[in-house]
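These are my notebook entries on a structure that I looked through today, set down in the order in which I looked things up.

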Amino acid sequence: MANATTSLPLFEKIPRKNTIQRGFAIIIFFLLFLLLVYRLYFLNHYGFTWILAFLCESWFTFTWVLVISTKWTLVDYDTYPDRLLQRVPEVELPSVDMFVTTADPVLEPPIITVNTVLSLLAVDYPSHKLACYVSDDGCSPLTYYALVEASKFAKLWVPFCNKYNVQVRAPFRYFSGDDSTTASGSDTSSNFQQEWKRMKDEYEQLSAKIEDAVQNQNIAPCDLTVFSEIDRKNHPTILKVIWENKEGLLDGLPGLVYLSREKRPNHSHHYKAGAMNVLTRVSGLMTNAPYMLNVDCDMYANNPMIVLHAMCLLLGSNSEKEIAFVQFSPAFYDGLKDDPYGNQFVVMLEYMAPGFSGLQGFIYGGTGCFHRRKVIYDLQLDNIDSVNEEILKRVGSSKELMKSVAHALKGKTNSPDHLSNSIDTAYQVAGCGYEHGTSWGRQLGWLYGSTAEDILTGLRIHSKGWKSAFPRPNPQAFLGCAPSGGPAAMTQQKRWATGLLEVLLSKDCPILATLFAKLHWRQCLAYLWILTWGLRSIPELCYAILPAYCIITNSHFLPKVQEQAFYIAIVVFVIHHLYTLSEYLRAGLSVRAWWNNQRMARITTMTAWLFGFLSVILKLLRISETVFEVTKKDKSTSSNGAHDVDAGRFTFDESPIFVPGTTILMVHLTALVVSLLNLEPPAHDGLGSGLGEVLCSVWLVLCFWPFLKGLFGKGKHGIPLSTICKSAALVLLFLHLCRMTIMG
Ligand SMILES: O=c1ccn([C@@H]2O[C@H](COP(=O)(O)OP(=O)(O)O[C@H]3O[C@H](CO)[C@@H](O)[C@H](O)[C@H]3O)[C@@H](O)[C@H]2O)c(=O)[nH]1
Ligand SMILES: [Mn+2]
C-alpha cells in the first residue's frame, strides 16, 4: 500500500479537448484571409482608406494567428498534496522564503498588507521551514507598526487556524461573514464558538489600532526612532526582525522580517524589480530557502495548502530542469459583478494560460509565484550545475552572500541559523550602492529595464529552456484586488502596455531568444501575442477612425452591400463574436460579462495602451523615462463596494488618458449626425459611404457607451469639462482634415 502511493505522480498534466474551437478559429482565419485577398485585388481601384484598412486587417489577422497558435493545445495541471505528504516526511520538506512587497501606505493601506502577511504565516506547512519578508518601498512607520501588532495577533491566529482547519486565513475575509456559523462550516461546538468570538474581538482590536494609527498618526509605544524624520526617497536601510522562531518549533510561528532598502536621490532603485533583488539577497543571508514565493501586498493566500500544491510541481518533476517556476492563477476578491472594467481576466486565464501550458508554460505574472532560487541566481549560464567563480563574482562583494549563493546553486540548504545573526551583512547587501558593478538586474535576479519586470524575468527563464507550471487548485490559490475605478484601471493597463513593449524592444525580445537561445518558436508566438498589446492601439485607432472618416467624406472602406465580399465582413464579425461569447459562457460567465469585456477591450486598447505606446516612444527619444505607477488598492470588503449600485459605473478624472476615448466617441456621434441628416458631400466616384460604415459607427458608440454616459455624468462619473474641451478641439481638427481631403 505504502509503495503504491509513493509511486503515484505528485502532479499530472491533463490535455483538454478543443476540436470544435479549433475548427471555428480556423474558419475565422480563413475568412480574414479571404478579406485580405479581396482587398489586395482592388488595391489599385480605391485610395488611401482602402490601403489603411488593408494594413489594419493584416495586423488583426496576424494577431489572430498568434491567438490560434497559443490556444491550440490546452493543458491543465492537477496536483496531489496528500501524496506528497505520504512520500516526504514533514521535516524533510524544503524551506520557502515568502516575499511581500509594498510601496505606498496610502495607495496600499497597511491593513491590506497585514492580512496578506497573516494569511502567509498561517499556511499549512511546517512553520520552521517558512520565513516571511516584507519589503516596504514606502519606508512607512505605519506599515512597520502594523506588522509588529500583526505578529502579536498571529500568535493567536495561527494556532486557531490550525486547530479548526480554517479555510480562509486572511482575517478580514474570514470575519467578513456575520457570525461564526458561516465561518466554521461544520464545527458548532461551544469551544469553537468561544474561541471564534475571541479571535474576532482580537482582530477588531488589531484593525482599530492600525486604523487609529493611520488616521491620527498615533503610534502606540513601539521602537520607531529609526523612522523619525525619514524621507522615503532618501534614507538608509531599515531592517527589523519582528519575530523569529528561535527554537525551530514545528508548530511555532514562521519568522517575520521588515525591510526598507536604502534609497538615495541619485540612485535608480528599479521599482519592484529592485525590491525583489534586495529581498533575494537579504533572505539569502538569513534563511536561503531553495524556493521563493512572491506576492503583491494585496494578494493573500486563499488556499491554506498552497505551498504543498507548489511543492508537488517543484519536487514532482522527473528532472529538475523541468519546472523553473510555478505561477498560480491570479484571481480577485470582491470583483465587481460582470467585470465592468474588463480586468478580472477570467477568460484569458481559462483559455490562453492553459494554452501557454501546452507549450513551455505560462508567463510569470509577478504575484502568486514560486521560484527556484538557483534559477533566479543564474539567468545567464545554461548549465547551472557547474558552480564556478564566474557566477560568484557577479553577485557582488559580500563574501557571505557568495557563500550563500554557492550553497543555493549546489542545492544545499543552510543549517538553520538565527535570523538576527546575519543582520550586519544583510545591511550591506540592502544598500543602494551594493549592486554597482555586479550583474544584479542584468544577468541574475529580477531583471531591470521594464515596468513589467515579471514578464521580462519569466521570458529570460523560458529562454534558458526552462518550463513553468500553471496549476489552478480549488479553492483558488491567491486572491487580490482588481482596480475598481476608471483611472486606476487605466493606469494599470498603461503600465502593462509600457512594460510589455519595453520587453519586446529589449535584447530579451522573444524573436532573438528563439533564434539564439532556447525559447520554443510557438512559445515565442505566444509571447508576441502579449508583448504587442501596446502596438495594437495604432491599428485599432486607425480602424476606428475609418468609418467616421468615410461617412463624413462620403467615401467607403468596406465592401458595398451588393458585393459578395460584404458578407465575408459580416460573417467574420458575427462568428468571431459568437466564438468569444461561447468562451465566456463555457467559463460560467454571463452575456453581460462578455459584453463588458468586449467593449473594455476596445476602450483599453485605444486609450491606456495608446498611452503605454507613447510613453515607450518618449523613452526611445530619451525625452522621459517610463515609471512604475502603483495601483490603488481598495480596502472595501463585500460590506460596501460590491453592493453599491453605482459600483460598476465608469469613473473618470482629469487624466489625459480619457481624451482619446472621448474624442473617438464624439467623432462618431458627429458622423452619425451627418449621416442621419444627409449632410455628406457628393461622392467622388459615385460610391459613397454605405450601410457598412454606419453599422461600424453605431458599434463604436456602443463600445464607448460608458463615455457617452460620462458626457452627461456628474462628479467622478462625469468626464471633466477640460477633457471634453480638448476632445472637441481634436474633433474640429479632424473635421478640418476631412474637409481638406474632400477639397484636395
Ligand atoms: O517601487 C515599487 C513599486 C511597486 N512595488 C510593489 O509591486 C507590487 C505590484 O504593484 P501594483 O501597483 O499592485 O501593480 P499591479 O498592476 O497590480 O501588478 C502586476 O503587474 C506588475 C508589473 O507591471 C507586477 O510587478 C505585479 O507583481 C503584478 O501583480 C506591489 O506589491 C507594490 O507594492 C514595489 O515594491 N516598489
Ligand atoms: Mn497588484
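How many residues surround ligand 1, and which are the closest? I am working from a predicted model, and in it I count 24 residues around ligand 1, with Thr101, Ala103, Tyr271, Asp296 and Gly366 as the closest.

**Entry: the shell around ligand 1**

I next looked up which elements build this shell, and found that strand S3 (96-102), helix H10 (271-286), helix H17 (453-463) and helix H18 (486-504) each supply at least two residues. Helix H18 gives the largest share, with four residues. By residue class, I note eight nonpolar, nine polar and seven charged residues in the shell around ligand 1.

**Entry: positions from the record, binding site**

I then turned to the UniProt record, an unreviewed entry, which places the feature "binding site" at Lys272 and Asp296. Although the two are spread over 25 residues of sequence, they cluster in space, the largest C-alpha distance being 9.7 Å.

For lysine 272 I wrote down helix H10 as its element. I class lysine 272 as buried because 23 other C-beta atoms lie within 10 Å, where 20 or more are needed for that label. Leaving out residues up to four places away in sequence, lysine 272 touches Thr101, Glu453 and Phe628.

For aspartate 296 the element is strand S7 (residues 291-296), and this residue counts as buried because it has 26 C-beta neighbours inside 10 Å. With residues up to four places away in sequence again left out, aspartate 296 touches Thr101, Gly366, Thr367 and Gly480. I underlined Thr101 here, since it appears among the contacts of lysine 272 and among those of aspartate 296, and it is also listed with the closest residues to ligand 1.

**Entry: positions from the record, active site**

The unreviewed UniProt entry also places the feature "active site" at Asp137 and Asp454. Is aspartate 137 buried or exposed? I find 25 C-beta neighbours inside 10 Å, so aspartate 137 counts as buried. I located aspartate 137 in the loop between strand S4 (130-136) and helix H6 (141-163), and, not counting residues up to four places away in sequence, it touches Ala103 and Ala275. Ala103 is another of the closest residues to ligand 1.

Aspartate 454 is found in helix H17, an element that also supplies at least two residues of the shell around ligand 1. With 25 other C-beta atoms within 10 Å, aspartate 454 is buried. Leaving aside neighbours within four places in sequence, I list Tyr364, Gly365 and Gly366 as contacts of aspartate 454; Gly366 is also a contact of aspartate 296.

**Entry: aspartate 97 in strand S3**

I went back to strand S3 for aspartate 97, which is found there. Why do I class aspartate 97 as buried? The reason is that 28 other C-beta atoms lie within 10 Å. Which residues does aspartate 97 touch, if those up to four places away in sequence are not counted? I noted Ala131, Tyr133, Ser283, Thr287, Ala289 and Met292. The C-alpha atoms of aspartate 97 and glycine 284 are separated by 9.1 Å, while the two residues are 187 apart along the chain.

**Entry: the protein chain as a whole**

Stepping back, I count 28 helices and 13 strands in the protein chain. The C-alpha trace spans about 90 × 55 × 55 Å along its principal axes. For 744 residues, a compact globule would have a radius of gyration near 27 Å, and the 28 Å of the protein chain agrees with this. I also recorded that 48% of the 744 residues count as buried, and that, among contacts between residues at least 6 apart in sequence, 85% join residues at least 24 apart.

**Entry: the two domains**

The assignment divides the protein chain into domain 1 (15-71 + 532-627 + 651-743) and domain 2 (85-483), and their C-alpha centres lie 41 Å apart. Where the two touch, 16 residues of domain 1 are in contact with 14 residues of domain 2. On the domain 1 side, helix H22 (565-586) and helix H23 (591-606) are the elements that give two or more residues, and the largest share, seven residues, comes from H23. I closed the entry with the make-up of that side of domain 1, which divides into six nonpolar, six polar and four charged residues.

Methods. Residues are numbered from 1 along each chain as its sequence is written. Chains are lettered from A and ligands numbered from 1 in the order in which they are written. This is a predicted model: local features need pLDDT of at least 70, side-chain atom pairs count only at pLDDT 80 or more; totals for chains, interfaces and linings use all residues. A residue is near a molecule or strand if its C-beta atom, placed from the backbone, lies within 6 Å of it. Ala, Val, Leu, Ile, Met, Phe, Trp, Tyr, Cys and Pro count as nonpolar, Asp, Glu, Lys and Arg as charged, and the others, Gly among them, as polar. The radius of gyration is taken over C-alpha atoms; the globule rule is 2.2 Å times the number of residues to the power 0.38. A residue is buried if 20 or more other C-beta atoms lie within 10 Å of its own, exposed if 12 or fewer, and partly exposed in between; C-beta atoms are placed from the backbone. Two residues are in contact if their C-beta atoms, placed from the backbone, lie within 7 Å. UniProt positions are given in the numbering used here, feature names are shortened, and annotations may be inferred rather than shown by experiment. Domain bounds come from an automatic or database domain assignment.
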